[in-house]
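Dear colleague,

I am handing over the structure we spoke about, with the sequence alongside. Please look it over first, and then read the notes below, which go through what was found in it.

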Amino acid sequence: MLRVNEIFKSILGESTYAGSICGIIRLSGCNLRCRYCDTQYAYDEFFPSTIEKICSQIDQYKTSVILLTGGEPLLQEESYELMKRLLKKEYTVLLETNGSQSIERVPLGVIKILDVKCPGSGESHQMHWGNLKKLLPSDEIKFVISNQADLEWATNIIHEYHLGKTAKVLFSPVYDSIDPSILADRILQKNLPVRLHLQIHKLIWGEGVRGK
Ligand code: SF4
């Protein structure tokens, strides 16, 4: 049994797939407590569900892209089997993971969207740095930036780990915390191998709307 927080259909708000119609499976539970977390309801709220039931609900949406998110999906052992099952059904499977868990066992074919937690999150010490060596060109690395100090930190990490050569890199401003133009200016000034990324579901529906 998996502990599921919610399953719904939406327009994907994040990653390079932003704007795509998507089935979203949010699993419950997270080992981090980021200062800007907008899904605190996923820490403890859940209903138990089998992989079969989850797949049958997702199939009804008739989308080709499925996002597995949380919370932190990799905390639940059965999430690996769920990803395999979704791949077998020929979905494009995206996994959002918070960077603290090893991605080594994520099935080949799943597109990993890996957070690198900046100091502004309060959780950067939890990062599993070995993950950066396990990424494929189809994967994505996301820095959620709260302030100028995060921007400096993320820029240094990009240079130190030569990011941008291994996977796509995204800079995402914390909603209502830092002006996206500051990120845009930095990317332009330093010629960073980064895509500016805005959470479009919040631009469409506003913050704090569940099931969107
Ligand atoms: S990892 Fe994601 S779900 Fe967990 S606390 Fe941070 S923002 Fe919230």
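I begin at the start of the chain, where strand 1 (residues 2-11) and strand 3 run antiparallel and are joined by 3 bridges; strands here are DSSP runs of E with at least two residues, helices are runs of H or I with at least four residues, and both are numbered from the N terminus. Two strands are said to pair if DSSP finds at least two bridges between them. Within strand 3, Ser49 is the bridge partner of Leu2.

Before going further, please keep in mind that this is a predicted model, in which local features need pLDDT of at least 70 and side-chain atom pairs count only at pLDDT 80 or more, while totals for chains, interfaces and linings use all residues. Residues are numbered from 1 along each chain as its sequence is written.

**The sheet**

Strand 1 is also joined to strand 2 by 7 bridges, again in the antiparallel sense, and the bridge partner of Ser10 in strand 2 is Cys22. Taken as a whole, the sheet is open and has 9 strands in the order 3-1-2-4-5-6-7-8-9, with mixed pairing. Its edge strands, each pairing on one side only, are strand 3 (47-49) and strand 9 (195-196). At the strand 9 end, strand 8 (residues 168-173) pairs with strand 9 in the parallel sense over 2 bridges, and Phe171 has Leu196 of strand 9 as its bridge partner.

Strand 2 (residues 21-27) and strand 4 pair in the parallel sense over 4 bridges, with Ile25 standing opposite Leu68 of strand 4. Strand 4 pairs in turn with strand 5 (residues 92-97), which is likewise a parallel pairing over 4 bridges, and here Val65 stands opposite Thr92 of strand 5. Between these two strands the chain passes through helix 2 (residues 78-88), and this β-α-β crossover is right-handed, in the sense that, with the strands pointing away from the viewer, the path from the first strand over the helix to the second runs clockwise.

Strand 5 and strand 6 pair in the parallel sense over 4 bridges, and in strand 6 the bridge partner of Glu96 is Ile113. Strand 6 and strand 7 (residues 140-145) are parallel as well, with 4 bridges, and Ile113 stands opposite Glu140 of strand 7.

**What is buried**

A residue is called buried if 20 or more other C-beta atoms lie within 10 Å of its own, exposed if 12 or fewer do, and partly exposed in between, with C-beta atoms placed from the backbone. Strand 4 (residues 65-69) is largely enclosed by the rest of the structure, because 4 of its 5 residues are buried. Strand 6 (residues 111-116) is also largely enclosed, because 6 of its 6 residues are buried. From strand 6, Ile111, Ile113 and Asp115 point one way, while Lys112, Leu114 and Val116 point the other way, and all are buried. In general, side chains in a regular strand alternate between the two faces of the sheet.

The largest nonpolar core, meaning a set of buried Ala, Val, Leu, Ile, Met, Phe, Trp, Tyr and Cys residues joined through C-beta atoms within 7 Å, has 41 residues, and Ile25, Ile66 and Val93 have the most contacts inside it. Leaving aside neighbours within four places in sequence, Ile25 is in contact (C-beta atoms, placed from the backbone, within 7 Å) with Val4, Ile7, Ile54, Ile58, Ile66 and Leu68.

Leu94 lies in strand 5 and counts as buried because it has 26 C-beta neighbours inside 10 Å. Its C-alpha atom is separated by 7.0 Å from that of Ile113, 19 residues apart along the chain.

**A loop residue and the ligand**

His128 is found in the loop between strand 6 and strand 7, and it counts as partly exposed because it has 16 C-beta neighbours inside 10 Å. Leaving aside neighbours within four places in sequence, His128 is in contact with Gly99, Ser100, Gln101 and Ser102.

The residues around the ligand, taken as those whose C-beta atom, placed from the backbone, lies within 6 Å of it, are Cys30, Leu32, Arg33, Cys34, Cys37, Thr39, Ala42, Gly70, Gly71, Glu72 and Asn98.

With best wishes

How values were computed:
Contact = placed C-beta atoms within 7 Å.
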